[in-house]
Amino acid sequence: MSDQPFELDGISNPAPEGDSPPPAVAPVAVDRAFGQDNRARLLEEYFAPYGTVEPGNAWKHTYRLLLWLDRTTGLAHCYESDKSQAGRPWYARSLAFHDWVSASLDVDPRDLGEHIDVLFRRASADLAAAAANRRARLAESARKQRSIYLGRGMPEPGEDPELEEIVTAVLDPYLVTPPPAEVMRNLTERIQAHVGQENKRKNLVGEGFEDAIAALLRRVTGVPDVHDIYVRPSLHDLPGFRPPRAGSKKRQVDLALVHRVSGYRTLVSCKWSVRSDREEQFASDFSDYAELEDAGKDFSYVLVTNEFDPARLAAACDMRRQNAPLFTDVVHVNPQGVLAAYSDRGSNAKTEGGQARASRRISEKRVQALGSWLGSLATA
DNA sequence: GATCTGCCGACATCCTTTTA
DNA sequence: TAAAAGGATGTCGGCAGATC
């Protein structure tokens with residue numbers, strides 16, 4: 001893959017608002033910066049310079065688009081942050097993964113953050129711009145709303161006395177004069193926005209992962225010629241599935257592929273990460289799909305994930321329905337990244353049961369690489 | 001002490017209903 | 001009829017108790 005042609009300048013540090021006019025926002029981002037239309041626009045922009053995608057590079061695009069740095073460690077996020085703190089077992093694994101992914105993307109480990117997380121950073125910039133526009137638009141009515149309380153000492157929007165106190169207490173020895181109230185308010189608003197930003201990520205990662213995989217499917221040579229690709233379709237819009245009974249909730253699937261010649265159907269569940277409640281959902285989803293299957297023909301059920309937890313990854317491989325594996329294929333963005341994390345040299349772990357089990361699933365190819373799955377679809 | 005397991009909160013979007 | 005409000009749904013990571 002060539003060096004990042006996608007323009008990222010200015011994403012991380014948008015200019016402070018001040019008196020400057022509100023920034024321009026793409027129309028699709030005005031109300032729903034994280035919505036599917038804006039995600040589609042951002043993906044289109046991202047992939048435009050590349051044209052088609054080699055299956056072997058699919059994981060690089062996925063990580064450039066969606067992987068992020070854990071703010072508490074500065075390392076590529078591959079596990080829950082509380083267990084990834086320095087000195088704890090997953091810190092060593094996070095270091096190993098960060099080292100591996102930096103080398104594989106051919107970037108300096110210190111600069112990795114500038115090369116990944118494109119989708120979230122772009123959508124967040126749109127969100128901030130849209131919020132600035134909205135504030136500017138509502139400023140006049142806000143002024144009217146506050147006017148009847150003039151002189152009553154009403155708090156200003158964005159004021160956070162506790163946070164201001166922390167900031168001024170720390171900086172006090174270095175300040176010649178206390179910052180003006182407006183400057184402090186602007187600072188606390190920016191700190192709050194920065195801290196609150198991480199909570200929004202999961203809203204983008206979820207469907208953003210599905211969109212990114214769909215975008216790759218459409219760009220790997222051969223796949224769109226051989227398969228019709230559906231993103232979050234209703235099940236009954238796919239051939240061979242019937243609508244649910246009246247009054248029952250309609251069923252959706254994350255992604256679906258239908259072979260253009262044979263009509264063979266592949267239902268895909270995309271989950272960036274897995275928890276046990278989601279594992280249960282896999283089984284109940286499959287049972288719903290099977291119940292609504294109306295053509296009397298087989299279909300595949302595939303999991304695409306970026307889960308690093310060995311127990312969860314192995315469990316997904318081993319889940320069964322009746323006398324067959326639940327998932328036809330378990331696809332990981334890059335199993336080599338998982339193995340790199342497990343191979344950390346600083347770990348003092350005593351038990352390796354889960355890791356050994358997950359590693360075995362990878363070596364047996366039960367966990368398949370995204371690239372090889374895409375390649376197999378192109379030739380299917 | 002490490003790993004496994006399950007629950008929960010924060011959030012955004014999307015769809016439906018209500019209000020002006 | 002358009003805008004606003006309300007509610008449902010679905011996403012994920014964080015967290016903590018249970019187990020090994």
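Which of the 17 residues around DNA strand C come nearest? I started there, and found Ser81, Lys202, Ser273, Arg275 and Arg278. "Around" here means near, that is, with a residue heavy atom within 4 Å of the strand.

**Ground rules**

I am working on a predicted model, where local features need pLDDT of at least 70, side-chain atom pairs count only at pLDDT 80 or more, and totals for chains, interfaces and linings use all residues. Residues are numbered from 1 along each chain as its sequence is written, chains are lettered from A and ligands numbered from 1 in the order in which they are written, and side-chain values use heavy atoms, with hydrogens and water left out.

**DNA strand C**

I checked what the protein sees of this strand: sugar and phosphate make up 58% of the strand C atoms that come within 4 Å of the protein. Next I looked up polar contacts (pairs of N or O atoms within 3.5 Å; within protein, one must be able to donate a hydrogen and the other to accept it, and residues adjacent in sequence count only if both atoms are side-chain atoms). Two of those I noted reach bases: a side-chain N or O atom of Asn203 is 3.2 Å from a base nitrogen of strand C, and a polar side-chain atom of Arg275 is 2.9 Å from a base oxygen of strand C. On the backbone side, a polar backbone atom of Trp272 sits 3.1 Å from a phosphate oxygen of strand C.

Helix H7 gives the most to this surface, with three residues. I take helices (H or I, at least four residues) and strands (E, at least two) as DSSP runs, numbered from the N terminus.

**DNA strand B**

I then turned to strand B, which has 21 residues around it, with Arg32, Phe34, Lys200, Asn203 and Ser276 coming nearest. Of the strand B atoms within 4 Å of the protein, 76% belong to sugar or phosphate, and the rest to bases. A polar backbone atom of Phe34 is 2.6 Å from a phosphate oxygen of strand B, and a side-chain N or O atom of Arg93 is 3.0 Å from another phosphate contact point, a phosphate oxygen of strand B. Lys202 goes to a base: a polar side-chain atom of Lys202 lies 3.2 Å from a base nitrogen of strand B. The elements that give two or more residues here are H3 (89-104), H7 (181-219), H9 (276-292) and H10 (310-318). H7 again gives the most, with four residues.

**Arg275 and its salt bridges**

I came back to Arg275 and looked for salt bridges (a side-chain nitrogen of Lys or Arg within 4 Å of a carboxyl oxygen of Asp or Glu). The structure holds 28 of them. Arg275 pairs with Glu80, with the closest N and O atoms 3.2 Å apart. Arg275 is in the loop between strand S3 (265-271) and H9, and Glu80 in the loop between helix H2 (58-66) and H3, so the pair ties together parts that are 195 residues apart in sequence.

Is Glu80 buried or exposed? Glu80 counts as buried because its relative accessibility is 18%, while Arg275 is partly exposed at 26%. My cut-offs are under 20% relative accessible area for buried, over 50% for exposed and partly exposed in between (1.4 Å probe, protein chains only).

Both residues belong to a salt-bridge network with Asp82, Lys83, Glu307, Asp309 and Arg312. In it, Arg312 meets Glu307 at 3.8 Å, N to O, and Asp309 at 3.9 Å.
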